[in-house]
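Thanks, everyone. Let me put the model on the screen and walk you through one interface.

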Amino acid sequence: MKIQDVIATINQMQAEGVIDCYAIGGAVGATFYLEPVATLDVDIFVAFRAEPGAIIVSPKPLFDYLKARGATMMGEYIMVAGWPVQFLPPGTPLVEEALGQAVVRDVEGIPARVFSAEHLAAIALQTRRAKDKARLLQFIEAGVLDAQRFQEILDRNSLVDTWRRFERQFLGEQQ
Amino acid sequence: MNLQKILESKRALRQVHAARPIAEKLRMLDVLREREVAIRGTGTPSTAPGILREAAVPWHPKSK
């Protein structure tokens, strides 16, 4: 199983017009900026391409493409290169913005489109699960966030109060 | 035992890992997942009730 093969497959899908654009999120996305943390799956955020004449945008062409190339469905995941991959639409304005402003990183000659560190941190703040809070603290501790860019994302997405609460709860002693 | 010193050394180790080339870090994820699967005995995140798992972002289609 190789995550680089997953990225190469997604790039191929984009090159062949199956998807418009994509960005890697979740723990795999965070690994582009932080130390690697064990994860079981890969979260790929995609703008699904509308089928001609269809009112509802469907992920079906994407699954058909992968299944034709040997990928198998496993619950809500599709197995690509040995990894369970979850394709997710941008369900909030923040994730939509993150998808539009994703950055391209080179992985030994393979381009990988990944959420910016600031967007990953803001998404973690918005999602608010325990592991997201831990991830946000990792981003802060690692010093990889551009403070101004992060603040602008918080402002645009009505996350300023949430950030203040997070600061009080976890960063109080640093104030 | 100096807890502060221990925490600092852990932080330094994390920074060393974070600074590795991305391809190397992704290979580490491959290995970490293999290990996780071996321990759990399953290749996909569990959907059993009561088990905490990463939830998908809710999908709200744009209204025109």
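In which helix of chain B is Arg33(B) found? Helix 2 of chain B. Keep in mind that this is a predicted model.

Stay on Arg33(B). This residue is buried, yet it has no salt bridge. Where is the nearest side chain of opposite charge? That is Glu34(B), 7.3 Å away. A salt bridge needs the nitrogen and the carboxyl oxygen within 4 Å, so Glu34(B) does not qualify at 7.3 Å. What the Arg33(B) side chain does reach is a backbone oxygen on the other chain: Leu40(A), at 2.8 Å.

Now the interface as a whole. On the chain B side, 31 residues make contact, and they meet 38 residues of chain A. Together the two chains bury about 3,200 Å². Carbon and sulfur atoms account for 63% of that.

Next, the polar side. We count four salt bridges between chain B and chain A. One pairs Arg14(B) with Glu35(A), with 3.5 Å between the closest N and O atoms. Polar contacts link nine residue pairs across the two chains, both partners at pLDDT 80 or more.

Which elements of chain B give two or more residues to the side touching chain A? Helix 1, residues 3-18, and helix 2, residues 22-40. Helix 2 of chain B supplies the largest share, with 14 residues. By class, that side of chain B holds 14 nonpolar, 12 charged and five polar residues.

So much for the overview. Back to the picture: Arg33(B) sits in helix 2 of chain B, with its side chain at the backbone oxygen of Leu40(A).

Key
Residues are numbered from 1 along each chain as its sequence is written. Chains are lettered from A and ligands numbered from 1 in the order in which they are written. This is a predicted model: local features need pLDDT of at least 70, side-chain atom pairs count only at pLDDT 80 or more; totals for chains, interfaces and linings use all residues. Side-chain values use heavy atoms; hydrogens and water are left out. Contact means heavy atoms within 4.5 Å. Buried area is the accessible area (1.4 Å probe) that two parts lose on being put together, summed over both. A polar contact is a pair of N or O atoms within 3.5 Å; within protein, one must be able to donate a hydrogen and the other to accept it, and residues adjacent in sequence count only if both atoms are side-chain atoms. Helices (H or I, at least four residues) and strands (E, at least two) are DSSP runs, numbered from the N terminus. Ala, Val, Leu, Ile, Met, Phe, Trp, Tyr, Cys and Pro count as nonpolar, Asp, Glu, Lys and Arg as charged, and the others, Gly among them, as polar. Buried means under 20% relative accessible area, exposed over 50%, partly exposed in between (1.4 Å probe, protein chains only). Lys and Arg count as positive and Asp and Glu as negative; His and the chain ends are not counted.
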